Each structure stands twice: as C-alpha cells, then as structure tokens.
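Trainee: Got a minute to walk through this one with me? I'd like to start with the charged pairs and see where we end up.

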Amino acid sequence: MFSLPELPYAYDALQPYMSKETLEYHHDKHHNAYVTNGNNLIKGTEFEGQSLEDIVKGSFGKHAGLFNNAGQHYNHLHFWNWMKPNGGGAIPGKLEKAIVSDIGSVDKFKEEFIAAGTTQFGSGWAWLSVKDGKLVVSKTPNGESPLVSGAKPILGVDVWEHSYYIDYRNRRPDYLKAFVENLVNWDYVLEMYEAATK
Ligand code: MN3
C-alpha cells in the first residue's frame with residue numbers, strides 16, 4: 001500500500017521560495033491523490049506487494065493508470081526531501097567533484113538543469129541522475145522519471161504548474177532558479193548519489 005508521508009518540514013518553512021499555500025495544495029491534494037488512485041489501481045494486479053521502484057519500472061508501458069500514479073508517488077516522496085529550508089548553497093565536495101568531472105562545472109550543471117525544466121513542454125520533471133556510472137541532466141514528461149530508462153535519479157524538480165503557479169504564475173524559469181539556489185537539499189542528493197554509485 002502506498003501512503004502519504006508527512007512533509008519533512010513545516011508548510012511555511014520554504015517561504016519565500018515556495019509558499020505554505022503551494023505546499024498545502026501540492027502535498028495534501030496532489031500527492032495525496034496519487035496515493036489514493038495508486039492504491040485503487042494496484043488492487044488485483046501482479047504489482048501488489050512489489051517495491052515502489054519495481055512497480056514504477058514494471059508498470060511503465062504496461063499499465064498507464066498505475067504507472068502515472070505510482071510514478072508520481074515515487075517522484076514526490078523524493079521531491080519533498082530534495083528541498084529544505086535554507087537550501088541551495090555549497091554542494092558537498094564528493095558530489096561537486098563528480099558534477100565537475102561528468103558535466104563540466106557546477107555552473108554548467110545549473111544551466112543545463114534549469115534549461116531542462118524550462119524546455120519540458122507541458123507537465124513533467126527535470127533531473128540529475130546516474131546513468132552508466134555518470135551524472136546526466138535530463139527531462140521527462142508527466143510522471144516519468146529516469147528510472148524507466150535505466151538511470152538512477154538523484155535530484156528532480158517538479159515542473160507541473162501545480163508546483164509553482166501560485167508563487168510564480170507563468171515564470172517557470174524563476175521558480176527553477178529559486179529551486180537550485182535556495183531550496184535544494186544537497187545532503188539528500190549526496191545520499192542518493194552514494195546509493196546509486198555503490
Ligand atoms: Mn507535483
């Protein structure tokens with residue numbers, strides 16, 4: 001069974017970069033709907049009892065309804081942890097080194113990540129993930145993640161309008177810049193990087 005976790009911080013803790021109202025709608029309504037719909041759709045399928053990652057990978061291209069909701073549940077479970085109050089700032093040394101060696105520089109990573117989110121047409125996500133041992137930036141539509149293309153996501157940003165429209169209206173690039181500079185929880189990204197590369 002999927003279940004909705006509590007946010008790892010108070011609803012107003014990410015202000016002014018992400019408002020209490022955005023988190024109330026995004027967590028309590030949108031994420032909760034993925035949990036409820038996912039639980040209804042998985043009943044009686046071969047996916048019952050599997051790990052969330054296996055459900056996401058296994059239902060991709062096979063069971064669109066379940067995939068969309070399980071995929072979004074996976075994405076949002078991490079998304080809440082990919083942010084923290086007073087986030088952004090210095091990237092932990094080991095991860096910074098990998099970014100520089102695989103992507104070129106921290107600035108280039110930020111540029112590529114923001115561009116990926118800005119150019120994702122319609123709803124979706126921008127990602128930093130580990131593929132074949134190397135860090136890559138990518139984007140996906142709707143509830144997809146790099147999991148479905150054999151990569152391991154270590155950072156993702158939600159570019160569905162529900163993630164930014166209350167605070168930024170149509171200014172998606174401003175939201176992405178604030179996410180990178182002021183919200184990212186690099187300790188959690190490092191944790192996922194270490195798990196993905198061990
Ligand atoms: Mn969302």
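Trainee: How far apart in helix α5 are Lys-108 and Glu-112?

Mentor: They sit four residues apart in helix α5, which spans residues 106-119, so about one helical turn separates them. Keep in mind that this is a predicted model. In it, the two side chains form a salt bridge, 3.1 Å from N to O.

Trainee: And what's the exposure of Lys-108?

Mentor: Lys-108 is partly exposed, at 40% relative accessible area. Its partner Glu-112 comes out at 30%, so that one counts as partly exposed too.

Trainee: Which residue does Lys-110 pair with?

Mentor: Glu-181; their side chains meet in a salt bridge at 3.6 Å, N to O. That pair links distant parts of the chain, with Glu-181 in helix α7 (residues 172-183) and Lys-110 in helix α5, 71 residues apart.

Trainee: Is Lys-110 buried or exposed?

Mentor: Buried, with a relative accessible area of 18%. The cut-off for buried is under 20%. Glu-181, on the other end, is partly exposed at 33%.

Trainee: How many salt bridges does the structure hold?

Mentor: Six. Another one of them joins Asp-187 to Lys-84, where the closest N and O atoms are 4.0 Å apart.

Trainee: Why does the Asp-187 and Lys-84 pair tie together parts that are far along the sequence?

Mentor: Because Asp-187 lies in helix α8 (residues 186-197) while Lys-84 is in the loop between α3 (64-81) and α4 (93-103), the pair ties together parts 103 residues apart in sequence. Asp-187 counts as partly exposed at 48% relative accessibility, and Lys-84 counts as partly exposed at 27%.

Trainee: While we're on helix α8, what does Val-189 touch?

Mentor: Val-189 lies in that helix. Skipping residues up to four places away in sequence, it touches Trp-82, Leu-95, Ile-154, Leu-155 and Val-184. Val-189 is buried, with a relative accessible area of 0%.

Trainee: And how far is Val-189 from Leu-77?

Mentor: Their C-alpha atoms are separated by 13 Å, and the two residues are 112 apart along the chain.

Trainee: OK, switching to the metal. What coordinates the manganese ion?

Mentor: Four residues: His-26 through NE2, His-76 through NE2, Asp-158 through OD and His-162 through NE2, at 1.9 to 2.2 Å. Along the chain, these donors follow the spacing H-x49-H-x81-D-x3-H.

Trainee: Where do His-26 and His-162 lie?

Mentor: His-26 is in helix α1 (residues 20-42), and His-162 is in the loop between β3 (152-158) and α6 (165-168), so the pair ties together parts that are 136 residues apart in sequence. Their side chains also make a polar contact at 3.0 Å.

Trainee: Are those two buried or exposed?

Mentor: His-26 counts as buried at 0% relative accessibility, and His-162 counts as buried at 16%.

Trainee: What else is in contact with His-26?

Mentor: Leaving out neighbours within four places in sequence, the contacts of His-26 include His-31, Phe-79, Trp-80 and Ser-163. The metal partners His-76, Asp-158 and His-162 are on that contact list as well.

Trainee: Let's zoom out. What domains is the protein divided into?

Mentor: Domain 1 covers 20-81 and domain 2 covers 93-196. Their C-alpha centres lie 20 Å apart.

Trainee: How many residues are in contact between domain 1 and domain 2?

Mentor: 19 residues of domain 1 are in contact with 22 residues of domain 2. The two domains bury about 1,700 Å² between them, and 64% of that is on carbon and sulfur atoms.

Trainee: How many salt bridges across the interface of domain 1 and domain 2?

Mentor: Zero. Polar contacts are there, though: nine residue pairs between domain 1 and domain 2.

Trainee: Which helices supply the side of domain 1 that touches domain 2?

Mentor: α1, α2 (52-59) and α3 each supply at least two residues of that side. α3 gives the most, with nine residues.

Conventions: Residues are numbered from 1 along each chain as its sequence is written. This is a predicted model: local features need pLDDT of at least 70, side-chain atom pairs count only at pLDDT 80 or more; totals for chains, interfaces and linings use all residues. Side-chain values use heavy atoms; hydrogens and water are left out. Donors are N, O and S atoms within 2.8 Å of the metal (3.2 Å for Na, K and Ca); water is not among the atoms, so sites may look incomplete. Buried means under 20% relative accessible area, exposed over 50%, partly exposed in between (1.4 Å probe, protein chains only). Domain bounds come from an automatic or database domain assignment. Contact means heavy atoms within 4.5 Å. Buried area is the accessible area (1.4 Å probe) that two parts lose on being put together, summed over both. A polar contact is a pair of N or O atoms within 3.5 Å; within protein, one must be able to donate a hydrogen and the other to accept it, and residues adjacent in sequence count only if both atoms are side-chain atoms.
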